[in-house]
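Q: Could you take one part of this model and look at it closely, for someone who has not met the structure before? I would like a connected account rather than a list.

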Amino acid sequence: MWTNENNQLVRTFVFADFIQAFAFMTRVAFVAEKMNHHPEWTNVYNRVTIRLSTHDAGNVVTDRDRQLAAAIDKML
C-alpha cells in the first residue's frame, strides 16, 4: 500500500529475487516515460522502493503521482 511520507507517495515492493525486481523496474520505466512522470526509486537486491512527487508543483503529491501509483499497482 502507498503511504504519504514527507509530501511523497512511498511504497516498497519485495520480489523473489533481483531479476524479478529489475524486470518490475523496467516495466515501470516504460509506463513512467509514457506518462512523462519519472519516479525516484531505489533497488537493493529484491526490494524496490518508489517515491512519487511532482517537482513542477513544488515537490508535493498531485494527481499525476496518484495516476502513476495506480498504473504501477496494476503491474503486480
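**Strand β2 and its neighbours**

A: This is a predicted model, and the part chosen here is strand β2, together with the elements that pair with it. In the hairpin of β1 and β2, two residues lie between the strands, and N6 takes a positive phi near 50 degrees. Strand β1, which covers residues 3-5, pairs with β2 in the antiparallel sense, and three bridges join them; along this pairing, E5 stands opposite Q8 in β2. Strand β2 itself runs over residues 8-14 and is mostly covered, with five of its seven residues buried.

Besides β1, strand β2 has a pairing with strand β4, residues 47-52, which is antiparallel and extends over six bridges. Within that pairing, V10 is found opposite R51 in β4.

Turning from the strands to the helices, one may look at how α1 and α2 meet. Two packed helices are described by the angle between their axes and by the distance between those axes. Helix α1 (residues 18-35) and helix α2 (residues 63-74) pack at an angle of about 145 degrees, and their axes are 10 Å apart, while the crossing of α1 and α2 is right-handed. On the α1 side the contact is made by F24, V28, V31, A32 and M35, and on the α2 side by R64, Q67, L68, A71 and I72. Sorted by character, the residues of this contact between α1 and α2 comprise eight nonpolar, one polar and one charged.

Conventions
Residues numbered from 1 in each chain as written. Predicted model: local features only at pLDDT ≥ 70, side-chain atom pairs only at ≥ 80, totals over all residues. Heavy atoms only, no water. Axes fitted to C-alpha atoms, helices over the stretch in contact; angles between N-to-C directions. Helix = DSSP H or I, 4+ residues; strand = E, 2+ residues; numbered from the N terminus. Left-handed = near helix turned anticlockwise from the far one by under 90°. Contact = heavy atoms within 4.5 Å. Nonpolar A, V, L, I, M, F, W, Y, C, P; charged D, E, K, R; others polar. Buried < 20%, exposed > 50% of the residue type's maximum accessible area, 1.4 Å probe, protein only. Pairing = 2+ DSSP bridges.
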